[in-house]
Each structure stands twice: as C-alpha cells, then as structure tokens.
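Work through the exercises below with the sequence and the 3D view open. Each task is followed by a solution in steps.

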Amino acid sequence: MALARILWVDDEIESLQSQILFLQNKGYEVNAMTNGFDAIEFVKENPVDVVLLDETMPGITGLETLAKIKELYQQVPVVLITKNETENLMDEAIGSQISDYLIKPVNPNQVLLSLKKIIDNKRLVAEKTTTAYQQQFRDLFMALNDNPDYNQWMDIYKKLVFWELEMEKSDSPEMREILQSQKQEANNEFFKFISKNYSRWIKSGDAPVLSHSLFQSKVFPHLEKGTPLFFVLIDNLRFDQWKAIQPIFAESFRIISEDSFYSILPTATQYSRNAVFAGLLPVDIEKQSPTQWKNDDEEGGKNLHEEEFFRGQLKRLKKDNLRFSYTKVLNHQAGQDLVNNIHNMMNNDLNIIVYNFVDMLSHARTEMEVLKELASDETSYRSITASWFEHSPLHQALKKIADKKINIVLATDHGTVRVKTPYKVIGDKQTTTNLRYKHGRNLNYEAKDVLAFRDPKEAGLPVPTVNSSFIFARGDGFLCYPNNYNYYANYYRNTFQHGGISMEEMIVPVIRMTNK
C-alpha cells in the first residue's frame with residue numbers, strides 16, 4: 001500500500017519524470033497532470049493526500065487552481081512550487097492556505113522533506129501527545145491520592161481538560177480510553193471530596209469562590225473609573241467549552257487570567273445563577289425575597305428576578321451609585337438588539353450580559369435526534385459551541401467594541417456532564433423531576449449513589465416542604481424512577497445534564513480580558 005497519494009500538477013511534467021520516479025521508489029503513489037483543469041477534475045473524482053502545484057501554468061494559474069481545489073476539498077494540503085518569490089504572491093498563496101512552498105528548480109529531497117513534514121506531522125504530533133500523557137498520567141494519579149484541597153482540585157480538572165483537548169490530536173483510542181477512566185476515577189474522588197467538605201464551605205468562611213461570592217471576589221475588584229466592565233455570563237459553559245471558544249476571543253482581546261470557581265449545588269440555573277446575582281445562598285434569597293424565589297415544584301419562571309436580586313446585592317455592599325445595565329439574551333432577536341445597542345453601554349460602569357445558548361443546546365440535544373447526532377460526545381459538543389460562538393450576535397457585539405478601552409469578565413452559572421449510569425430513586429408525588437438532583441419527602445435511594453442533605457439548610461438551600469431532603473447524583477449518574485425505568489434509562493443515557501456533583505458541573509470558568 002502506498003504511503004500517500006500525491007497529485008503533481010505542472011505544465012512541464014515530462015521534465016519531472018526522474019523526480020516522480022524517486023518518489024514512487026520511496027513508496028508514494030504519484031498522479032501527474034499538465035494543467036489546472038485536469039487537476040480539478042481529478043480531485044473531484046479521487047481522494048488525494050497532498051497536491052504539488054506549479055504556480056505558473058498556461059490556461060488557469062496555480063493560484064486559481066488552488067482556490068478551486070480548496071473549494072472542493074478544504075482540508076487537502078497543497079505545496080506551491082514557484083519560480084517567483086515576490087512578496088505579494090506569497091501573501092496571496094499563504095492567504096489561500098498553502099501548507100508549504102518550494103522554489104524552482106526543486107530537487108527530489110526537497111520535495112520528499114516537504115511531503116514528510118505534511119504527512120507525518122499528524123502522526124508525530126499524535127505520538128508525542130501519547131508519550132507526554134503517559135508521563136503525566138502518574139503525576140495525575142499521585143495528585144488524586146494526595147488528598148487535594150479545593151485549589152488543587154481546580155488544577156487537576158484543568159489538567160484533565162488539557163489532556164482531553166490534546167488527545168484530539170492523537171489517533172490512539174486506547175489512550176483516550178485510559179484518559180476517560182482516569183477522569184471517571186477523578187470524579188469519584190471529587191464526589192467524596194465534595195461530600196466531606198460542602199456543608200463546611202456553606203457554614204464557614206474557609207471556602208473557595210462559590211456562585212454567591214463570584215461578584216465580590218472576581219468582578220467588583222476589576223471595576224475601573226472611566227473603563228466600562230462587561231460581565232458576560234454564558235450559561236452552562238464548561239471549562240473545556242471555554243477552551244474551545246478561547247482562540248476566537250484571543251483574536252480580539254487580551255486574555256489576562258483563566259481562573260475557575262465552584263458552582264453551588266444544585267448546579268442548576270435557578271439556584272446557581274440567582275446566587276451569582278443576589279450574592280446570597282438560595283436559603284437567604286428565599287428569606288429576603290420570599291415572593292420572588294420559586295422552588296422547583298412551584299409555577300412560574302425561576303430566573304425572572306436576577307436584575308432585582310443584583311440591585312439588592314449592590315445595596316448591601318453600598319454600591320448603589322454604580323451605573324449598570326442588565327441584558328438577557330434568550331433568542332436571536334434579543335441578540336441582534338444587543339449588537340445594535342452595545343455602543344450605548346460604553347457610558348456605564350458595569351454591563352451585565354446573560355446569554356442563553358449552551359443551556360438551550362444541551363436541553364434541545366436531549367429532545368432532538370438530529371442534535372444527538374451533531375453533539376454525540378464531548379468533542380462534538382465543544383465543536384458546536386465554538387461554531388455557535390463564532391457566528392453569534394454575542395461575538396459580533398463584542399467585536400464592535402474590541403477597539404475601545406474595556407474590561408471583560410466572562411463566567412458561567414454551572415457546567416454539564418454526560419450521564420451514563422442510571423440510579424433508581426423512589427419518591428412521592430411531590431418529588432422533583434430533575435435527573436441530577438431531587439428534593440422531596442420519603443425519598444428512597446442507594447446511599448452510595450448520591451450526596452443527601454436531610455436538612456437542606458446545611459447545603460444553603462430553602463426547605464420546599466416540611467421534611468423535604470435534597471439528593472445530588474454523583475459522577476455520570478442520573479436519577480430514574482422505577483416505573484418505565486428501562487425506557488427512561490435508555491432515553492437519557494448519554495445526554496448532557498446538570499444539577500449534580502461532577503468536576504464538569506462544579507468547577508467552572510471565570511476569565512478576565514481586556515482590549516488589545
């Protein structure tokens with residue numbers, strides 16, 4: 001079998017026979033063409049690994065051929081071979097995404113080196129990634145067994161995300177499997193860590209930054225007189241999804257710090273996001289605003305009062321004189337309004353933008369077969385997030401003010417986890433329907449599958465009804481009732497859910513940026 005299939009296009013191809021022979025002896029299959037038209041037709045019909053393309057040909061030039069080939073097959077690497085090293089030609093060629101260029105006359109070894117660089121590069125990167133992870137595997141294993149504190153847990157999770165993204169370059173399914181099982185083991189340990197420490201965090205001051213302390217710790221300290229601060233909350237954004245959109249932000253903004261904080265439990269919008277804006281735990285929000293706070297089983301929107309809650313936080317912190325705007329984007333039209341209005345926000349000290357997209361994506365993915373196909377796993381989920389953000393009104397709006405002096409803090413309310421393991425729970429009629437957490441009376445469950453709070457106040461949560469307890473699923477588990485158990489277990493398996501205890505849901509990004 002040939003090492004690779006090469007298409008060599010040159011109007012003087014006869015004079016290159018010795019070169020072609022040299023490559024064939026090295027194990028490459030070489031198809032020769034004398035003009036751009038034939039080359040384009042050939043690419044339409046046949047897969048090729050690399051195109052060697054002469055720049056000056058009669059009829060249709062190398063650059064025109066290049067453009068047509070890229071239209072047909074964006075990913076194919078093209079090496080431009082040219083007599084002419086002028087700067088504007090190079091600019092145009094590089095702009096058209098060539099992989100390499102060679103200056104005539106070329107010798108056979110030059111061509112061979114260029115091909116090796118292009119074809120073997122993927123393999124070499126994959127091998128290097130696998131070796132580097134093998135070295136790090138032991139370190140991660142040691143860190144997990146070294147009783148990590150909340151800061152070390154954030155580091156462990158970031159390292160696992162780093163390797164997950166690196167493994168996309170590797171084509172070793174075995175290594176990916178090892179990483180996945182290491183991540184699962186980490187989540188098991190993380191569950192024990194949260195079970196042991198969470199209620200202490202809620203009671204004492206010795207805690208990481210949690211949802212309700214986010215503004216005080218990570219936003220207010222960066223308010224500068226005369227420089228508007230944009231606080232952008234993209235709901236449901238995991239740390240790996242931030243890493244997927246980071247390069248798009250980096251084109252327009254300077255990233256100052258990539259930090260993380262802990263979402264409170266349940267890792268669900270009505271709890272964690274209300275806590276972010278109120279600067280209070282849910283139990284205290286309910287105490288101070290009993291009419292605005294809604295429990296899961298009550299009718300009405302659960303996140304309708306974020307702006308009011310935020311005003312309350314400003315008042316408590318004696319920051320009432322802060323000029324701020326609050327914009328919530330729930331649909332495309334609201335996104336367009338944001339684009340049109342962003343310049344008017346430059347007069348405020350603080351602009352809050354809450355953007356609902358990732359949450360809609362994860363819920364729609366559960367319901368819609370087509371999205372299950374498009375976001376079948378974490379890799380494709382990241383890819384969809386990046387594609388959405390790149391073309392989103394949010395990106396357009398921020399690009400409009402990228403040349404102004406601004407600060408940005410980007411954060412989220414909680415993450416999500418892909419659930420795989422159903423756990424049986426029995427409850428009465430009042431039990432809530434969430435898959436990752438439930439509250440109700442007389443809940444029956446396996447103690448090892450969940451973290452249970454008989455007294456919700458210990459977790460900083462309101463008591464919905466007398467004798468209600470809360471339970472939170474661990475790792476990749478989801479809570480199912482016994483009736484129609486198999487149907488629901490299969491329906492929800494492999495969907496992205498939130499509300500429970502996993503690194504993906506709880507350790508979430510808070511990023512600081514400024515204009516370049």
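## Exercise 1: a small sheet

Strand S12 (residues 421-426) runs antiparallel to S14, and two bridges join them. The model is a predicted one.

Task: find the bridge partner of Val-425 in S14, then state which strands stand at the edges of the sheet.

Solution.
- Step 1. Val-425 has Tyr-445 as its bridge partner in S14.
- Step 2. The open sheet has three strands, in the order S14-S12-S17, with mixed pairing.
- Step 3. The edges are taken by strand S14 (444-445) and strand S17 (477-480). Each has a single partner strand, so one side of each has no neighbour in the sheet.

## Exercise 2: the chain as a whole

Task: state how many helices and strands the chain has, and what share of its residues is buried.

Solution.
- Step 1. The secondary structure consists of 19 helices and 19 strands.
- Step 2. The chain has 516 residues, and 54% of them count as buried.
- Step 3. The C-alpha trace spans about 90 × 55 × 40 Å along its principal axes.
- Step 4. Take the contacts between residues at least 6 apart in sequence: 75% of these join residues at least 24 apart.
- Step 5. The accessible surface is about 23700 Å², and carbon and sulfur atoms account for 49% of it.
- Step 6. There are 59 positive and 68 negative side chains, and the centres of the two sets are 7 Å apart.

## Exercise 3: the nonpolar cores

Task: name the residues that touch the most other members of the largest nonpolar core.

Solution.
- Step 1. This core holds 80 residues, and those touching the most other members are Trp-153, Phe-190, Ile-194, Tyr-198, Phe-230, Tyr-262 and Leu-394.
- Step 2. Helix H7 (residues 173-203) supplies the largest share of the core, 10 residues.
- Step 3. A second core, separate from this one, has 22 residues, among them Phe-215, Phe-220, Leu-350 and Val-354.
- Step 4. Return to Phe-190. Leaving out residues up to four places away in sequence, Phe-190 touches Trp-153, Tyr-262, Ile-501, Ser-502, Met-503, Met-506 and Ile-507.

## Exercise 4: strand S9

Task: explain why strand S9 (residues 350-355) is described as largely enclosed by the rest of the structure.

Solution.
- Step 1. Buried means under 20% relative accessible area. Six of the six residues of S9 are buried, so the strand is largely enclosed.
- Step 2. Leu-350, Ile-352 and Val-354 point one way from S9, while Asn-351, Ile-353 and Tyr-355 point the other way. Both groups are buried.
- Step 3. Strand S6 (residues 229-234) pairs with S9 in the parallel sense over six bridges. Here Leu-233 has Val-354 as its bridge partner.
- Step 4. Strand S8 (residues 324-329) also pairs with S9 in the parallel sense, over six bridges. In this case Thr-327 is matched with Ile-353.

## Exercise 5: two neighbours in a loop

Task: decide whether His-414 is buried or exposed, and list what Gly-415 touches.

Solution.
- Step 1. His-414 is in the loop between strand S10 (407-411) and strand S11 (417-418), and Gly-415 is placed in the loop between S10 and S11 as well.
- Step 2. The relative accessible area of His-414 is 0%, so His-414 is buried. Gly-415 is also buried, at 0%.
- Step 3. Neighbours within four places in sequence aside, the contacts of His-414 include Asn-236, Ser-263, His-498 and Glu-505.
- Step 4. On the same terms, Gly-415 touches Asn-236, Arg-238, His-498, Glu-504, Glu-505 and Val-508.
- Step 5. Gly-415 and Glu-504 are 89 residues apart along the chain, yet their C-alpha atoms are separated by 5.6 Å.

## Exercise 6: backbone exceptions

Task: which residue does a cis peptide bond join to Lys-104, and which to Leu-265?

Solution.
- Step 1. Most peptide bonds are trans, and most residues other than glycine have a negative phi.
- Step 2. Lys-104 is joined to Pro-105 by a cis bond with omega about -5°.
- Step 3. Leu-265 is joined to Pro-266 by a cis bond with omega about -10°.
- Step 4. For a positive phi, look at Asn-467, with a value near 65°. Asn-467 is exposed, with a relative accessible area of 64%.

How values were computed: Residues numbered from 1 in each chain as written. Predicted model: local features only at pLDDT ≥ 70, side-chain atom pairs only at ≥ 80, totals over all residues. Heavy atoms only, no water. Helix = DSSP H or I, 4+ residues; strand = E, 2+ residues; numbered from the N terminus. Buried < 20%, exposed > 50% of the residue type's maximum accessible area, 1.4 Å probe, protein only. Contact = heavy atoms within 4.5 Å. Areas by Shrake-Rupley, 256 points an atom, 1.4 Å probe, with all protein chains shown as cover. Lys, Arg positive; Asp, Glu negative; His and termini not counted. Charge placed at Lys NZ, Arg CZ, Asp CG, Glu CD. Core = buried A, V, L, I, M, F, W, Y, C linked by side-chain atoms within 4.5 Å. Pairing = 2+ DSSP bridges.
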